[in-house]
Amino acid sequence: MGFLLHALRRSLLRSHFSHPTPTALRWISSSAALRKPESAAPATYEPAGLPPRTPVGGARFHLDNPEDAMEVFVDGYPVKIPKGMTVLQACEVAGVDIPRFCYHSRLSIAGNCRMCLVEVEKSPKPVASCAMPALPGMKIKTNTPVAKKAREGVMEFLLMNHPLDCPICDQGGECDLQDQSMAFGADRGRFTEMKRSVVDKNLGPLVKTVMTRCIQCTRCVRFATEVAGVQDLGMLGRGSGEEIGTYVEKLMTSELSGNVIDICPVGALTSKPFAFKARNWELKGTETIDVTDAVGSNIRIDSRGLEVMRIVPRLNEDINEEWISDKTRFCYDGLKRQRLNDPMIRGADGRFKAVTWRDALAVVAEVLQRVKPAEIVGITGQLSDAESMMALKDFLNRLGSEEVACEGNGVNPIADLRPSYLMNTHIAGLENADAFLLVGTQPRVEAPLINARIRKTVRANQAKVAYVGPPSDFNYDHQHIGTCPKTLLEIAEGRHPFCSTLKSAKNPVIILGAGIFNRKDKDAIFSKVESIAKTFNVVRPDWNGFNVLLLNAAQAASLDLGLLGSPSESIQSAKFLYLMGADDVNLEKLPNDAFVVYQGHHGDKSVYRANVILPSSAFSEKEGTYENTEGCTQWTVPAVSTVGDARDDWKIIRALSEVAGVRLPYDNLQGIRARIRTVAPNLLQVDERESSSVSFDIKPDCKDQVSFEPFKPVVDNFYMTNSITRASKIMAQCSSVLMKA
């Protein structure tokens with residue numbers, strides 16, 4: 001009887017699988033697909049005659065030698081790529097977007113999120129495409145059931161401990177985890193256990209942490225170590241106790257720390273000043289440039305109504321890649337604090353009184369008619385655009401004065417040859433160098449993004465760095481070979497040990513700091529450095545390694561336009577001083593009876609000495625031309641309306657010229673730019689770099705002697721260098737907290 005029951009049961013099972021129900025059919029089909037993905041893959045993987053796809057995100061590469069190319073197949077599409085590319089990069093070139101969390105094109109490969117799983121023919125299981133090198137003839141399949149199932153499983157694990165607090169998360173609306181869970185995740189999860197919680201870390205006044213959201217992608221750790229050059233973040237613990245944090249309780253003190261906000265794919269690291277202020281869909285983005293230093297970083301200003309809410313970077317491979325400094329990112333609150341709204345005149349009681357533009361300009365014009373041309377001095381500030389500097393120079397020239405200068409350029413600026421004050425190697429060109437000689441410059445605080453390029457080159461090419469200047473904190477290996485110009489004499493005479501490094505270098509680079517402009521022996525120092533450049537083949541037809549790192553956004557354009565006065569000398573006898581945003585000028589030697597006009601957007605240092613105040617627009621409120629330290633011209637674009645009754649700088653000067661009886665011959669931006677074309681046509685070639693073919697050999701020999709006075713730092717406080725940053729509450733917090741850390 002038992003034997004009959006067993007035989008009957010076996011017969012029923014056999015009949016059941018020979019005539020399956022629809023439910024059983026779906027289950028068997030799915031299993032077969034998972035066991036043999038090649039047979040289950042759709043026929044669309046081998047398309048015939050379809051047009052090529054557009055690379056993802058503008059992915060591109062350059063092949064010096066066509067023989068180095070190899071062909072791979074992505075979903076049936078043949079793609080030629082250079083050897084050494086990964087599977088993920090090949091997919092991007094083929095126009096297939098592969099999901100990823102830990103992978104970042106500018107950071108080392110970690111391969112720990114496993115979200116980028118794809119199928120490769122003859123591979124027994126899905127592979128992490130970010131860490132798998134592509135091989136000739138490799139057949140990659142990105143959209144098979146196996147790959148989809150694997151990604152859904154990975155996403156399920158990532159969301160296992162991630163809090164579903166999107167409504168109160170600042171990353172909501174621009175969160176990679178949110179987007180990819182919708183595109184590549186499953187519609188349900190199977191975990192019912194309690195989610196783990198992680199204690200938040202205090203990284204300082206700029207970066208807000210909610211570490212429970214962290215998915216351990218380690219992007220922030222790799223950025224801090226590789227790009228920012230600080231060992232502040234790391235991975236602690238193992239298993240479920242693993243978390244990102246600082247080894248000991250400390251703040252993140254890098255001047256590039258805000259970039260971890262952009263690269264964090266979840267809401268674990270967000271902007272502390274921007275927290276709970278706005279959602280990204282409420283903001284209007286305006287693409288413009290930064291003017292807080294001479295790099296000219298490409299940025300996007302996000303505004304709501306009349307208020308700037310935040311500043312984020314834009315991609316520009318030749319200048320700032322996709323990073324910006326903390327000063328650029330967080331100084332935006334200074335744009336609405338301590339602003340000058342109305343024209344004002346100082347009364348007999350010493351107090352300022354708001355007046356109309358007509359009255360303010362009439363007072364200035366009346367004073368101009370009483371002073372001699374030789375007693376008129378004009379100084380432009382470090383945030384001035386080319387149009388306003390051109391207008392001020394033309395205006396004072398028509399009044400008979402030649403004393404027009406830009407602060408920071410020193411006495412008798414070196415402006416005969418453009419290579420004498422520009423970064424001739426270009427910012428991106430620094431990556432080809434193999435030896436650096438830094439003279440009187442501290443790039444980490446003067447230009448953090450150029451310092452990041454140098455660090456990138458040191459890591460990639462093992463470039464040697466020698467530094468002559470005051471003791472400074474570098475975040476890469478270097479030799480501090482001296483503090484005064486005496487070291488330059490030894491190098492020029494071939495008596496210094498670093499000479500062997502310069503001699504053996506294929507692409508040596510010399511970078512001079514703009515602080516040298518304020519030294520009395522600057523001509524002698526430049527002469528010695530130029531002799532070093534000739535001796536060690538720094539300048540040749542295929543390579544120009546002679547560079548000057550400027551400090552301020554207005555310096556390059558002011559030297560191109562010929563603002564070559566010496567205000568520190570002429571200011572002693574001035575009776576009329578026109579300050580256009582110049583807040584760092586020493587006015588101690590100015591006569592007490594001198595009449596001072598201050599034209600600017602912030603009530604900063606020079607306002608206290610002014611007799612008349614003319615309010616102007618900030619860089620975020622006007623269209624202006626700026627030239628960065630490498631000679632690249634760029635435009636600012638107005639993101640918000642002007643404050644109060646303020647006007648653009650050049651418009652104020654144009655109106656004043658008419659009241660003063662020396663009317664300038666232009667009424668709009670096109671007219672003033674036509675005038676600039678006659679003086680410096682390179683300032684109208686936007687996003688271009690006009691290189692000079694003039695050699696240093698035509699310069700006369702300098703007879704001055706080099707002083708052995710040590711070089712001095714020119715930036716005392718990285719977070720407060722101009723009127724906008726000094727008005728910023730966020731920068732004040734950084735100055736008080738991070739400078740002491």
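Which residues in helix 11 meet which residues in helix 19? In the predicted model analysed here, Glu387, Ser388, Ala391, Leu392 and Phe395 on the side of helix 11 meet Asp649, Trp650, Ile653, Leu656 and Ser657 on the side of helix 19. The axes of these two helices, the second of which covers residues 649-659, come within 8 Å and cross at roughly 20 degrees. Because angles under 35 degrees count as roughly parallel, helix 11 is classed as roughly parallel to helix 19, and the crossing by which helix 11 passes helix 19 is left-handed. The spacing of the contacting positions may be read against a general property of the fold element: an α-helix has 3.6 residues a turn, so residues three or four places apart point the same way.

The loop that leads into helix 11 was examined next. Asp385 is found in this loop, between strand 15 (376-380) and helix 11 (386-398), and with a relative accessible area of 2% it is classed as buried, since that class takes in values under 20%. The side chain of Asp385 makes a polar contact with the side chain of Lys622, at 2.7 Å. When residues up to four places away in sequence are not counted, Asp385 touches Lys622, Gly624, Thr625, Tyr626 and Asp649; Asp649 is also one of the helix 19 residues that meet helix 11.

A second helix pair is formed by helix 5 (residues 145-158) and helix 6, whose axes come within 10 Å and cross at roughly 140 degrees. That angle makes helix 5 oblique to helix 6, and the crossing is left-handed. The contact is made by Arg151, Glu152 and Met155 of helix 5 together with Leu177, Gln180, Ser181 and Phe184 of helix 6. The UniProt record, in an unreviewed entry, places the feature "domain: 4Fe-4S His(Cys)3-ligated-type" at residues 146-185. Over residues 146-185 the chain is 55% helix and 0% strand, and the C-alpha atoms at the two ends are 13 Å apart.

Helix 6 (176-184) is also among the elements that cover the buried residues of helix 7, which include strand 7 (234-236), strand 8 (243-245), helix 8 (259-263), strand 9 (269-271) and helix 13 (448-461). Helix 7 itself, spanning residues 219-228, is mostly covered, with nine of its ten residues buried. The buried residues in helix 7 are Arg219, Cys220, Val221, Arg222, Phe223, Ala224, Glu226, Val227 and Ala228. Helix 7 is followed by Gly229, for which phi is positive, near 75 degrees.

In another loop, the one between helix 4 (87-93) and strand 3 (117-120), lies Ile109. Ile109 is partly exposed, with a relative accessible area of 43%. Leaving aside neighbours within four places in sequence, Ile109 is in contact with Thr86, Tyr103, Cys130 and Ala131. Of these partners, Ala131 is 22 residues apart from Ile109 in sequence, while the C-alpha to C-alpha distance between Ile109 and Ala131 is 6.6 Å.

For the protein as a whole, 22 helices and 28 strands were assigned, and the C-alpha trace spans about 130 × 60 × 55 Å along its principal axes. Of the 741 residues, 56% count as buried. Among contacts in the protein with a separation of 6 or more, 70% are accounted for by residues 24 or more positions apart.

Technical notes
Residues numbered from 1 in each chain as written. Predicted model: local features only at pLDDT ≥ 70, side-chain atom pairs only at ≥ 80, totals over all residues. Heavy atoms only, no water. Helix = DSSP H or I, 4+ residues; strand = E, 2+ residues; numbered from the N terminus. Buried < 20%, exposed > 50% of the residue type's maximum accessible area, 1.4 Å probe, protein only. Polar contact = N/O pair within 3.5 Å; in protein donor to acceptor, adjacent residues only side chain to side chain. Contact = heavy atoms within 4.5 Å. UniProt positions renumbered as here; feature names shortened; annotations may be inferred. Axes fitted to C-alpha atoms, helices over the stretch in contact; angles between N-to-C directions. Parallel < 35°, antiparallel > 145°, perpendicular 65-115°, else oblique. Left-handed = near helix turned anticlockwise from the far one by under 90°.
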